[in-house]
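Reader: I would like to learn how to read a structure like this one. Please go through it feature by feature.

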Amino acid sequence: MMKMRSCVNKLCAILWKPCRVPIFRYQEMEQKEENDLNLKAMNAEELREQAHKMVDFIADYYKTIESFPVLSQVQPGYLGKLLPDSAPTCPESLQHVLNDVQEKILPGVTHWQSPNYFAYFPSNSSIAGFLGEMLSAGLNIVGFSWITSPAATELEAIVLDWLAKALLLSHDFFSTGQGGGVIQGTASEAVLVVLVAARDKILRTVGRTALPKLVTYASDQTHSSLQKACQIGGLDPELCRLLKTDSSTNFALSPDVLSEAISDDIASGLIPFFLCANVGTTSSTAVDPLPALAKVTRTNNIWFHVDAAYAGSACICPEYRHFIDGVEEADSFNMNAHKWFLTNFDCSLLWVKERSALIQSLSTNPEYLKNKASEGNMVIDYKDWQIPLGRRFRSLKLWMVLRLYGLEGLQAHIRSHIAMAAYFEELVVQDKRFKVVAPRTFSLVCFRLLPPPNSKDNGNKLNHDLIDLVNSTGSVFITHTVLSGEFVLRFAVGAPLTEVRHVKAAWQILQEKATALLQIYH
Ligand code: PLP
């Protein structure tokens, strides 16, 4: 009975409602327990106390991060066995929850911030990014139009202009002109919104009934988010042309192949309208020749989008900027600050030259959102540049990153990872049992273990087994791709805590496991 009363009191306190039932007479008796457990929805002093505990927990996590297996070793469904099958009726203490995080959640976490994480592409966390996230969570605004928090809109435009300047983008991409930058959640959203803008732009000219004739182009190395965008955008999936690449162009799209495909499609009565070029493909960081591709798009009146989701960050270093030469000809450009730019997920930066194209496709203007600033056309309303209405104050974390590290700090971050990747590449080259299979351009090394002579599948199973064996140690996490039919290992350096010793240790594990496997395979 006591337990039940206590629970009702707690619930009442949580809901901020005066509890009318007589059990409140017992409140004093239970005051101590209540104080421990009744976390208010918001209260400055309680926030301070609890948030300090959380920061301590997170700091301890980072301190001990190397003690966890990088790739979670749990089996599917593990968590259902550890957690109750319904939500608690009564409030629990933060300590209780944190104990569960430690014991039940962390085993099911793959530690993207571990220094031994070399999988996919990095997803940087940093102190500055973390503090920015905290501040954004603290203010918790929903900045869909300027009026809902002028600072959110204006800071976003300013920091994207800062970065556009750092990347030496053309002024057409700045918010001071007809274009501007916007923070999307992901590169997938970025390509979707520009694809839809490009679709509607061409349909305004050729008529809406031409939708089934629109053709999208990209190399076969392009991230699958483009195909998803075509699916969502109502485009014929058959007309999403993923043009073949191979090692002769280091997996970059050939302008001749593009021109030919466009000519064929025009001859068949189709309408080419969109090209997605890559600077740093997901599989091997291939870089498409932007200037030559730009020429083809201009001749054919095709929207030219550049996906530099991962490698764009490197282009703030003068020595890597040339990889986006030609971007001045693009209609839109995207890089993920949340990959390799010390900005916590999510923060994908999209610049467009013609903001009106986005707005024409994505704008709605219901009565309940009307306001003087928007009506007067004096402000940016980012709701019209993205899919959802609501949006977080994400520019805060990017602003924090830019201010607390400065461009020099960010350049040093990029350079250190590229240097470590170059070092890893050297280690691979020195071991004749392995082969580097694509040129290392940034901080990704694509390599494989050479199979014994007469291997039936050209060593694909061998390399598959190698990666499984290495990842099962929990000491390192790497992933794979397939290039020209070959199963290839990818070693992507980019976690902020990674040092040369981690790269050396990872290589040692790879070598040991390769030795063990080759004995079995020979
Ligand atoms: N483009 C490239 C080149 C990528 O490597 C990725 C993801 O790794 C994406 C797009 C999709 O990124 P997001 O998860 O931000 O949608």
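Author: Start with one contact: the backbone nitrogen of Phe341 lies 3.4 Å from a polar atom of the side chain of Asn124. A polar contact is a pair of N or O atoms within 3.5 Å; within protein, one must be able to donate a hydrogen and the other to accept it, and residues adjacent in sequence count only if both atoms are side-chain atoms. Before going on, note that this is a predicted model, in which local features need pLDDT of at least 70, side-chain atom pairs count only at pLDDT 80 or more, and totals for chains, interfaces and linings use all residues. Residues are numbered from 1 along each chain as its sequence is written, and side-chain values use heavy atoms, with hydrogens and water left out.

Reader: Where is Asn124 found?

Author: Helices (H or I, at least four residues) and strands (E, at least two) are DSSP runs, numbered from the N terminus. Asn124 sits in the loop between helix 4 (94-105) and helix 5 (127-139).

Reader: Is Asn124 buried or exposed?

Author: Buried means under 20% relative accessible area, exposed over 50%, and partly exposed in between (1.4 Å probe, protein chains only). Asn124 counts as buried because its relative accessibility is 1%.

Reader: Which residues does Lys339 touch?

Author: Contact means heavy atoms within 4.5 Å. Not counting residues up to four places away in sequence, Lys339 touches Phe121, Pro122, Ser123, Asn124, Ala309 and Tyr310. Lys339 lies in helix 11 (residues 337-340), and it counts as buried because its relative accessibility is 19%.

Reader: What does the UniProt annotation say of Lys339?

Author: UniProt positions are given in the numbering used here, feature names are shortened, and annotations may be inferred rather than shown by experiment. In the unreviewed UniProt entry, Lys339 is covered by the annotation "modified residue: N6-(pyridoxal phosphate)lysine".

Reader: How many residues surround the ligand?

Author: A residue is near a molecule if one of its heavy atoms lies within 4 Å of it. The ligand is surrounded by 13 residues, and the closest are Ala187, Ser188, Thr282, Asp307 and Asn336. Helix 7 (187-206) and helix 11 each supply at least two residues of this shell.

Reader: Which atoms of Ala187, Thr282 and Asp307 lie by the ligand?

Author: A backbone N or O atom of Ala187 is 2.8 Å from an oxygen atom of the ligand. For Thr282, a polar side-chain atom is 2.9 Å from an oxygen atom of the ligand. An N or O atom in the side chain of Asp307 lies 2.6 Å from a nitrogen atom of the ligand.

Reader: What can be said of Asn336?

Author: Asn336 is in strand 6 (residues 332-336). Asn336 is buried, because its relative accessible area is 2%. Its side chain makes a polar contact of 2.6 Å with the side chain of Ser348.

Reader: What is the phi of Tyr120?

Author: Most residues other than glycine have a negative phi, and most peptide bonds are trans. Tyr120, which is not glycine, has a positive phi, near 35 degrees. Tyr120 lies in the loop between helix 4 and helix 5 and is partly exposed, because its relative accessibility is 43%.

Reader: Which peptide bond is cis?

Author: The bond from Phe345 to Asp346 is cis, with omega near 5 degrees. Asp346 has its place in the loop between helix 11 and strand 7 (348-352).
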